Amino acid sequence: MATVEDVEAALANVIDPELGLDFVELGLIYGIEIEGGHVQVTYSLTTPGCPIGPQVESQIEEFVQELEGVESVGSEVTFIPPWTPEKMSEDAKFALGF
């Protein structure tokens, strides 16, 4: 069965193409819930009008589905609370000059 840590590691493969950093480092993963073989990922985007939403959803499902014991993956975008640069890891802040 996959763990939250396993899912986070898989989500590190979801890259924001504009920033070149992954969604975990950017602080865009808001929640991971595992219930049996189902994984639910709640994420955000840097802005509500960000055009990469469908691509992100597809990548989340693709990478998490590859984990052992995962039977289904759901993803949901939220803007509550809104994303801010303070949510990024220190490494991401450094890479982007914050």
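**Helix α2 and the sheet in a predicted model**

Q: How do you know that the span of helix α2 in this predicted model agrees with its number of residues?
A: Helix α2 covers residues 53–65, which is 13 residues. At 1.5 Å a residue, they should span 18 Å. The end C-alpha atoms are 18 Å apart, so the two values agree.

Q: Which residues of α2 are called buried, and what makes them so?
A: They are Gly53, Val56, Gln59, Ile60, Phe63 and Val64. Buried means under 20% relative accessible area, so each of these falls below that cut-off.

Q: What puts these buried residues on the same side of α2?
A: They cover an arc of only 125° around the axis, which puts them on the same side. An α-helix has 3.6 residues a turn, so residues three or four places apart point the same way.

Q: What do the buried residues of α2 pack against?
A: They pack against α1 (4–11), β1 (15–16), β4 (38–43) and β5 (72–77). Contact here means heavy atoms within 4.5 Å.

Q: What is the strand order of the open sheet?
A: The order of its three strands is β3-β4-β5, with mixed pairing.

Q: Why do β3 and β5 stand at the edges?
A: Each has a single partner strand, so one side of each is left without a neighbour in the sheet.

Q: What makes β3 and β4 a pair?
A: Pairing needs at least two bridges. β3 and β4 have six, in the antiparallel sense, so they pair. Ile34 stands opposite Val39 in β4.

Q: Which strands of the sheet does α2 touch?
A: α2 packs on the sheet, touching β4 and β5. The direction of α2 makes about 150° with that of β5.

Definitions and conventions
Residues are numbered from 1 along each chain as its sequence is written. This is a predicted model: local features need pLDDT of at least 70, side-chain atom pairs count only at pLDDT 80 or more; totals for chains, interfaces and linings use all residues. Side-chain values use heavy atoms; hydrogens and water are left out. Helices (H or I, at least four residues) and strands (E, at least two) are DSSP runs, numbered from the N terminus. The expected span of a helix is 1.5 Å times one less than its number of residues. Buried means under 20% relative accessible area, exposed over 50%, partly exposed in between (1.4 Å probe, protein chains only). The arc is that of the directions from the helix axis to the C-beta atoms. Axes are lines fitted to C-alpha atoms, for helices over the stretch in contact, and angles run from 0 to 180 degrees between N-to-C directions.
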